[in-house]
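Let's take a walk along one helix and see what surrounds it. Have the structure ready to turn as you read.

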Amino acid sequence: MSRAAIPGLPSRHPIGGQLPALYAEDDFAQRFTAGLDTVLAPVFSTLDNLPAYLDPRVAPADFVAWLASWVGGVDDPRWPAELRREAAVRAMELHRRRGTARGLLEALDLILGVRAEVVGDGSALWSRTPGSELPPAPDAEIVVRVWPGRAATVEESRVHELVRALCPVHTRCRVEILPAAPADSGEGE
């Protein structure tokens with residue numbers, strides 16, 4: 001990412017006007033400081049607009065991936081700019097829900113444009129009694145059923161990759177790719 005000089009961008013803080021009176025009429029000093037103004041104008045412009053650089057909705061396009069990386073967001077240069085911005089904006093929200101069925105469904109919808117449902121809970125077990133025997137290892141699996149949504153097709157490899165990344169490590173997740181929404185999913189209601 002680079003911020004380059006912008007031809008004709010005026011400096012809001014010209015150095016030549018701040019020189020002592022001795023140099024105010026010196027042609028060389030004024031030309032020299034004007035050259036510095038040309039170099040510093042984009043820096044001042046960036047600093048004057050810093051809040052906009054930190055908001056993915058309005059930041060320069062080449063900053064969006066960098067902002068997403070700050071908050072653990074997913075960014076894919078193949079995505080349209082609007083989706084990249086939305087993913088960066090929602091990254092913290094999705095990270096907070098990571099490892100939950102809702103988080104997985106929202107990530108699949110946002111990142112891949114597919115609809116899904118999660119069946120099963122992973123059989124998480126615990127005990128309220130201190131020092132009790134450890135519960136048996138859970139043997140249930142989670143089934144993630146996926147079908148086209150915003151995207152016209154489902155890229156199976158990307159679905160598997162995302163589910164593998166977002167399912168809790170103690171669970172087994174199986175992915176089923178469906179051609180359309182299942183009849184009992186509540187889609188279209």
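**Following helix H5**

The buried residues of H5 pack against two other helices, H4 (61-70) and H6 (101-112). Keep in mind that this is a predicted model.

Let's start with H5 itself. This helix covers residues 81-96, 16 residues in total. From its first C-alpha to its last it reaches 24 Å, close to the 22 Å expected at 1.5 Å a residue. Along the way, H5 bends by about 50° at Arg-90.

Which residues of H5 are buried? They are Leu-83, Arg-84, Ala-87, Ala-88, Arg-90, Ala-91 and Leu-94. As you look at their numbers, a general rule helps: an α-helix has 3.6 residues a turn, so residues three or four places apart point the same way.

Now pause at Arg-84, which lies in helix H5. Its relative accessibility is 18%, and because buried means under 20%, Arg-84 counts as buried. Leaving aside residues up to four places away in sequence, Arg-84 touches Val-64, Ala-65, Asp-75, Asp-76, Pro-77 and Trp-79.

Next, turn to the neighbour H6. The axes of H5 and H6 come within 10 Å and cross at roughly 170°. Angles over 145 degrees count as roughly antiparallel, and H5 and H6 are therefore roughly antiparallel to each other. On the H5 side, the contact is made by Leu-83, Glu-86, Ala-87, Arg-90, Glu-93 and Leu-94. H6 contributes Gly-103, Glu-106, Ala-107, Leu-110 and Ile-111. Sorted by kind, the residues of this contact between H5 and H6 are six nonpolar, one polar and four charged.

Technical notes
Residues are numbered from 1 along each chain as its sequence is written. This is a predicted model: local features need pLDDT of at least 70, side-chain atom pairs count only at pLDDT 80 or more; totals for chains, interfaces and linings use all residues. Side-chain values use heavy atoms; hydrogens and water are left out. Helices (H or I, at least four residues) and strands (E, at least two) are DSSP runs, numbered from the N terminus. The expected span of a helix is 1.5 Å times one less than its number of residues. The bend at a residue is the angle between axes fitted to the seven residues ending there and the seven starting there. Buried means under 20% relative accessible area, exposed over 50%, partly exposed in between (1.4 Å probe, protein chains only). Contact means heavy atoms within 4.5 Å. Axes are lines fitted to C-alpha atoms, for helices over the stretch in contact, and angles run from 0 to 180 degrees between N-to-C directions. Angles under 35 degrees count as roughly parallel, over 145 as roughly antiparallel, 65 to 115 as roughly perpendicular and the rest as oblique. Ala, Val, Leu, Ile, Met, Phe, Trp, Tyr, Cys and Pro count as nonpolar, Asp, Glu, Lys and Arg as charged, and the others, Gly among them, as polar.
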